[in-house]
Every structure is written in C-alpha cells, then in structure tokens.
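Here is a short tour of one protein chain, written to be read with the structure open beside it. Let's begin at the surface and work inwards.

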Amino acid sequence: MNATPAAQPSQDHSAARRALSWLHTQTNDWLHTEGERWIFVAKAMLASFSALWLAFRLGLDAPYTALATTIILAMPSSGMVLEKAFYRFLGTLVGCAAALALVGFFPQAPIVLFIGLALWVALCTGGAAMHRNQQSYSFVLAGYTAVMIAVPAVDAPAHVFTLAVTRVTEVGLGIICSAVVHDVFFPRRHSRAVMRTVQARYAGFIDFCRQVLEHRITPEEAELNHLRFAADIAALESGRAAAFFEAGHSRSHTRQLHAFNAAFMTALTTFYTLHRLSHRLGHRPLGADQGSCKRADEGPVLALLAPMYAHMARALCDDLRPARLAQMRHGLAKDIAAARAQLAAGPALARPQQIDFDTAAELLERFAANLADFAALYHGLAQEKRQQVSDPGAYSPKTPPAIIFASGFRAGAALLITAAMSYWLAWPAAVNALLMATIFCALASSSPRPTVLVQQVTTGFLIATPLAFVTEFLMVAKADNFAPLVLAALPLFAFGAYLSSGPRWAGVGIGIGMFSATLVVPTNLMRYDVEAFIGSELSMIMGVVVAYLMFKVVLPEHTMGHRGHVAAALWREAQQACDARLHRLKHRYDHRVRDLLSQLNAAAGPAPNAETRAVVRQGLTLLELGHAVIELRQLLHAAHAGAARDSLQAVLDRLAAYLHAPPRERHQHGERALQAILDAGTAVRAALAEPSPESERRARLHTALTDLHSIYTSLLDQFSGD
C-alpha cells in the first residue's frame with residue numbers, strides 16, 4: 001500500500017502568513033517611529049488634563065498654570081521629565097523667595113522694584129548661560145518666576161505671599177502629574193538611550209581610528225570628526241544627568257560614565273597628536289574627490305611607522321577584548337623593537353627624524369594603553385558590570401565670560417524696556433509682553449541660535465492665534481462640564497504636543513502649547529471676553545518680538561558658540577594650562593576645551609565654514625599643546641635638580657610669556673619659546689647620556705623629550721596657521 005504524501009500547506013495559508021509578517025513589520029516600524037510620537041502626545045495630554053482637573057477640584061486661582069507646567073515638562077524620556085521637573089520646582093522656590101524679598105524691601109517704590117527685578121533676572125540669565133544644562137533651567141525659572149509674582153504685586157504688595165504660595169502649588173501640581181504619567185505609563189528609560197549613545201560612541205571612534213590609520217580620511221575630515229566628537233561628549237554628559245533621576249541608576253554607574261567620558265577624551269587627544277605628527281611627516285591629501293589621504297612623499301620615518309599603523313588598523317577590526325588588546329600591544333612592542341634594530345643597522349637618521357620616530361613610538365604605545373582603558377570601561381558598561389573606578393570628575397561646561405555678561409544684560413534690558421512700554425502705553429495687558437520678553441530672553445540665552453528659537457516660538461504663537469480663538473469661543477464656550485471641555489481643547493493641545501515631539505518644529509509646538517495654555521483654558525469663574533483675548537494675544541506676541549529684537553540688536557555677536565569668543569576662550573584655557581594648580585588640571589582642561597568646541601559645533605550647523613574650521617584647528621592644536629605643558633609640569637614636580645630641570649622650567653616660563661603676550665608681540669615670544677625648547681632638548685639628551693641613570697628617571701626624560709617635540713611642532717602650527 002502506498003504511503004499517503006504529506007499534506008502541503010495551502011496557498012491561502014502561505015499568503016496569510018506573508019500578510020501577517022508584513023503587517024507585523026509595518027506595525028513594528030510604525031511603533032518605533034511615528035508610534036513613539038503619538039504615545040508621547042497621549043502621555044502629554046493625559047498629564048495636562050489630569051493636572052487641569054485636579055486644579056479645578058482644588059479650586060486654584062489659575063488652573064492653566066498647572067496645565068502649562070505639564071506642557072513645558074513634556075519630554076521624550078521619563079528621566080528627562082524628572083530632571084527638568086526637579087530643577088523647575090527648585091527654580092520656582094528660589095524665584096518666589098526672591099520676589100518676596102524684593103517686594104518686602106521696596107513695597108512702595110515700583111521704579112526701584114523694577115530695577116531690582118532687572119538685576120535679579122540678569123543674574124539668573126547669566127547663570128543659565130554659564131551652566132547650559134538642566135541646571136540652567138532652574139536659573140531661568142528663578143528669574144522669571146520672581147517677575148511673575150512681583151509685577152502683579154506692584155499695586156497690591158500685601159498679596160505677594162498669597163501669589164507666591166499659589167504659584168508654588170500650581171507648579172507643584174503640574175510637576176507631580178507629569179512625573180507620575182511619564183514614569184508610569186509606557187515609560188521610556190533614558191538609561192537605555194545613554195547606553196545606545198555609549199555603543200555608538202565606541203563604534204564610531206574605533207571606525208574613525210581605523211580610517212585614519214589606513215589613510216582613508218583627509219585632515220579636514222578628521223578635524224570635523226573631532227568637532228562632532230566634542231558634541232557627543234557633551235551629549236553623553238547631558239544624557240547621564242537625566243538618567244541619574246531614574247530608578248535603578250546607581251552612583252557607581254555615574255562614576256563609570258564619567259570615567260568612560262574621561263578615557264574617551266584622553267584616547268582622542270593622544271590619537272589626534274599622533275595623527276598630526278604623521279601629517280607633518282608627509283601625509284598630504286591626494287584624490288580628495290575619493291575622500292582618501294595618501295602619502296605623497298614617504299620619508300624614512302614614515303616607512304618605519306607604516307607596519308605599526310597597518311598592524312594596529314587590523315587589530316581595530318576585531319573585538320577589542322583584553323586578550324586581543326594584549327596581543328596588539330605585544331605586537332606593537334615587537335614592531336617598535338624591529339624598527340629600532342633596523343635603525344641601528346642602517347644609516348643614522350638626522351636628529352629631527354630620530355626625534356620624530358621616538359615621539360611617534362611613544363605616542364603609539366600611549367594610545368594603545370589609552371585604548372585598552374577605553375575598551376575595558378566600554379565592555380564593563382555594555383555588560384552592566386560594576387567596575388571600581390576613581391571618579392575623574394563630572395564634565396564641566398565652560399561659557400566665555402563675555403557671552404555670560406551679554407546674556408544677563410540682554411534679559412535685564414528687555415525687562416526694563418517692556419516695563420517702560422507698559423507704563424507709557426498704560427495698557428493692562430502689556431504685563432504679558434513684559435513676561436514673554438523676559439522669559440524668552442532667558443530661555444534662548446543658552447541656545448546657539450537664539451533668533452531661530454524665538455522665531456519658531458513666534459510662529460507657534462501666530463499659528464495658535466486663530467486656532468485658540470475658534471477653540472475658546474466656538475467650542476470651549478459650549479462645554480458645560482469637564483469632559484466636553486477636554487474634547488473641545490484636545491485637538492489644539494495635541495497638535496502642539498505633536499509638533500514639539502520632533503526637533504524640526506519643536507519651537508513651534510512649544511509656542512502653540514504655551515499660547516493655548518494661557519488663553520484657551522478656562523478658570524473657575526470664566527469670562528468669555530473677545531477684547532481681553534485679543535489684547536492678551538497681541539501683548540504676548542509683542543513680548544516675543546521684543547525678545548527677538550533684543551537678540552538682533554543688543555550685542556548680536558555675543559551668542560553661544562560664536563567663533564570669535566570661542567577662539568579667545570580657547571586661548572585663555574591654554575594660559576590656564578601653564579598657570580593653574582595641577583590637581584585634576586588635565587581633566588578640567590580637556591573638558592573645557594571640548595565643551596568650547598561643542599558650542600562651536602552647535603552654532604556652526606552641519607556644514608562649518610572655513611573660518612569655523614580654522615578655529616577648530618586652533619582649538620585642537622591648543623589642546624595638544626596644553627596636554628604637553630601639563631604633563632611637563634607634572635614631570636618637573638618629580639625631577640631632580642640640574643641643568644635638565646632648569647631648562648624645562650625655562651620652556652614653561654617662555655611658553656607662559658608667549659600665551660600671555662599681546663597678539664602683536666606673540667611671534668617674538670614664540671621664537672624665544674622655540675629656542676628654549678631646542679636648548680631644553682639638548683639638556684635632556686645630555687642627561688640621558690649620563691652613565692646609567694635609574695630607569696624611572698630615564699622614562700621621565702624620554703617622556704619630557706616627547707612633550708618638548710609636541711610643544712615645538714604645536715608652536716610651528718600656530719605660526720604657520722596650518
């Protein structure tokens with residue numbers, strides 16, 4: 001009897017499986033793109049109308065303040081919401097205390113009170129510009145919260161305490177609703193985003209190093225990569241700060257992220273120095289249309305270094321586990337030993353070429369050690385292993401003082417100008433113009449493109465004007481209880497939240513949300529007054545326009561990331577490398593220089609021009625110079641008295657004079673510094689030639705020679721503008 005053949009799946013079943021697979025793929029893609037935005041909108045609306053309902057139930061004077069707080073706190077991840085909520089509440093408390101103090105000191109002197117408010121707002125805005133993270137938000141809140149409480153109390157100072165308590169209550173209610181909703185319903189943990197950033201950073205850096213070692217990238221492209229890496233360092237620190245507020249984020253994890261950032265900066269600086277040395281030895285871009293960088297005139301030093309570069313590039317293609325890194329370092333040591341043997345057997349190199357080779361070998365060994373530390377920290381983070389690391393210190397932002405002063409002056413001047421306009425116009429609604437001008441002068445002070453931000457908010461206000469009018473007078477006016485009110489206002493607020501969920505239209509969405517929260521939401525005793533609506537709408541737009549004009553007219557070049565201010569600040573940091581105390585100086589110097597480059601990157605946009613690239617080049621050269629100077633200062637602390645130590649001290653003195661000299665005298669001081677470096681090199685080599693110096697001292701002398709060569713070539717870069 002023949003066996004019955006196995007039943008074949010029907011065509012209908014196969015088609016159904018394909019349809020289900022297609023549907024699953026499309027749904028999955030939607031959930032990770034557009035779906036995330038709509039989940040964000042749903043959470044923002046739940047938080048907003050929950051806060052509004054509670055504000056109504058509690059009988060608060062201004063329920064829209066609680067709703068506006070939830071709109072402002074709507075952020076992509078729960079960690080970001082909790083971080084911003086914490087600093088908003090802190091800033092609100094400080095601002096209320098400042099308002100109480102100012103009104104208490106000047107209850108019957110409105111002119112003096114406004115001058116005091118202007119000084120307070122200027123101080124807070126300067127603090128916001130200095131910090132440039134969520135801590136800066138608390139400075140902004142402290143500034144304009146004082147204005148929001150003190151200005152209405154000008155004519156009734158006895159009510160200032162009630163206004164302060166009400167403000168804290170309403171803001172606190174909005175904070176609680178936002179924190180609960182974003183942390184409980186479909187929470188997006190920022191710690192996961194931080195780990196994705198860490199993985200991208202590690203992979204991007206390894207790929208960048210491999211391309212440079214294989215001569216597949218031009219020096220200009222390398223500089224732009226360093227600029228983007230500086231922005232990545234700042235972004236990782238910002239993400240770490242947000243993740244700190246989430247449950248499960250431990251103090252040891254914070255230390256690991258700090259150490260990872262510090263190890264990355266150290267490896268990046270060493271690799272940049274090595275790359276610049278190779279470039280000086282003869283790498284020149286050929287066939288730039290192919291994006292390659294080949295050796296135009298390979299000298300004997302480059303010929304000796306080529307196998308080392310090739311072996312290291314091959315090693316970077318593998319997973320950098322401890323065993324592979326140990327193998328790479330062992331192979332590098334063998335390559336260096338073979339190159340030294342080849343040098344000893346062949347014709348002697350000229351002294352400059354010998355120094356170039358020794359410096360390159362030292363930098364390669366140093367980079368391999370830096371890479372091992374960086375990879376170990378990365379694998380510990382990726383595998384969620386607790387690592388005992390010393391905390392090198394948090395990333396510290398560095399804003400040029402002129403920009404801090406300009407930000408504060410601009411905000412204080414905006415308050416006084418709008419206060420004078422309010423008095424001259426005798427228009428009750430002009431108080432809104434005063435508040436909007438103050439708020440946006442403060443908020444935009446930390447932005448690299450403040451006029452663009454204020455333009456977007458103004459666009460949001462203009463779009464919201466007809467929509468808010470229709471919503472309030474044709475829809476909300478017909479609502480007889482809370483549910484119809486929600487249905488009437490929901491489309492407008494959801495539209496603003498949707499726009500704010502994407503980076504391109506975020507400013508427009510914020511403008512729509514803030515405008516609508518102020519004008520549309522009814523109070524406990526609602527009055528539908530068209531004239532008041534139009535007056536409030538015009539005054540708010542007027543205030544934002546005043547903020548825009550302040551950025552365009554008052555010190556327009558004193559904005560975050562302006563290349564002139566960044567270049568001057570980079571030079572001041574190099575001066576600090578010669579003068580500041582040595583404790584953690586290397587980390588502070590690295591943080592501040594890269595933070596300045598990060599500001600430059602944010603202001604320059606995706607295609608930096610030639611002038612911006614020149615500042616990047618100068619910044620990276622000064623970073624290299626500063627590292628060598630700091631290392632030389634550390635060596636001097638452990639050096640024996642003698643000619644070598646005296647000559648190294650003379651180098652530091654000449655460098656300090658060069659960096660502090662006026663621009664017209666700088667070249668002359670630079671020539672003296674170059675001569676001092678040459679004299680110091682002779683003295684250090686003489687000390688090395690002494691009979692059997694101890695191995696530790698010999699290692700320090702070799703490091704000093706490497707640092708002298710790095711300083712020498714950095715100075716030549718400064719003179720040539722290369």
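## A nonpolar patch on the surface

Helix H16 gives the nonpolar patch its largest share, four residues. The patch is made by Phe469, Val470, Leu474, Met475, Val530, Ile534 and Leu538, and covers about 550 Å². As this is a predicted model, please read the patch and everything below as computed from predicted coordinates.

Two helices each supply at least two of the patch residues: H16, which runs over 450-475, and H19, which runs over 530-553. If you would like one residue to look at, try Val470, which lies in helix H16. Its relative accessible area is 38%, so Val470 is partly exposed.

## The chain as a whole

Stepping back, the chain has 25 helices and two strands. Of its 722 residues, 52% are buried. The chain exposes about 32,600 Å², and carbon and sulfur atoms supply 61% of that area.

How are the contacts spread along the sequence? Among contacts with a separation of 6 or more, 79% are between residues 24 or more positions apart. The aromatic pairs and salt bridges below offer some concrete cases to look at.

## Aromatic pairs

Searching the whole structure turns up 23 aromatic pairs. One of them joins Tyr202 and Tyr378, whose rings are stacked at 3.9 Å centre to centre with 5° between the planes. Tyr202 belongs to helix H8 (residues 190-213) and Tyr378 to helix H13 (residues 351-382), so this pair ties together parts that are 176 residues apart in sequence. Tyr202 and Tyr378 are both buried.

Phe461 and Phe515 make another pair to display: their ring centres are 5.2 Å apart and their planes stand at 55°, so the pair is tilted. Phe461 sits in helix H16 and Phe515 in helix H18 (residues 506-519), so to speak two distant parts of the chain, 54 residues apart, linked by the pair. Phe461 and Phe515 are both buried. Helix H16 therefore appears twice in this tour, since the partly exposed Val470 also lies there.

Ring pairs also build a cluster, made up of Tyr202, Phe205, Phe208, Phe229, Phe260, Phe264, Phe271, Phe367, Phe374 and Tyr378. The stacked tyrosines, Tyr202 and Tyr378, are among its members.

## Salt bridges

The count of salt bridges comes to 10. Two of them can be found close together in the numbering. Asp318 forms a salt bridge with Arg324, with 2.8 Å between the closest N and O atoms. Asp319 forms one with Arg321, where the closest N and O atoms are also 2.8 Å apart. Asp318 has a relative accessible area of 37% and is partly exposed. Asp319, at 43%, is partly exposed, and Arg321 counts as partly exposed at 35% relative accessibility.

A third bridge joins Glu631 to Arg366, their closest N and O atoms being 3.3 Å apart. Glu631 lies in helix H22 (residues 610-637) and Arg366 in helix H13, so the pair ties together parts that are 265 residues apart in sequence. Is Glu631 buried or exposed? At 13% relative accessibility, Glu631 counts as buried, whereas Arg366, at 22%, counts as partly exposed. Both belong to a network of salt bridges that links Glu362, Arg366, Lys586 and Glu631.

## Helix H24 and His669

Let's finish with helix H24. It has 26 residues and reaches 37 Å from its first C-alpha to its last, close to the 38 Å expected at 1.5 Å a residue. The buried residues of H24 include Gly670, Ala673, Leu674, Ile677, Gly681, Val684 and Leu688.

His669 also lies in this helix, which spans residues 663-688. Why does His669 count as buried? Its relative accessibility is 17%, and buried means under 20%. Which residues does His669 touch, leaving aside its neighbours within four places in sequence? The contacts are with Ala657, Tyr658 and Ala661.

Definitions and conventions: Residues are numbered from 1 along each chain as its sequence is written. This is a predicted model: local features need pLDDT of at least 70, side-chain atom pairs count only at pLDDT 80 or more; totals for chains, interfaces and linings use all residues. Side-chain values use heavy atoms; hydrogens and water are left out. Buried means under 20% relative accessible area, exposed over 50%, partly exposed in between (1.4 Å probe, protein chains only). Contact means heavy atoms within 4.5 Å. The expected span of a helix is 1.5 Å times one less than its number of residues. Accessible areas come from the Shrake-Rupley method with a 1.4 Å probe; for residues, only the protein chains shown count as cover. Patches are made of residues with over 30% relative accessible area and no salt bridge: like charges are joined within 9 Å, nonpolar side chains (Val, Leu, Ile, Met, Phe, Trp, Tyr) within 5 Å. A salt bridge is a side-chain nitrogen of Lys or Arg within 4 Å of a carboxyl oxygen of Asp or Glu. Rings of Phe, Tyr and Trp (its six-membered ring) pair if their centres lie within 6.5 Å; planes under 30 degrees apart count as stacked, over 60 as edge-to-face and the rest as tilted.
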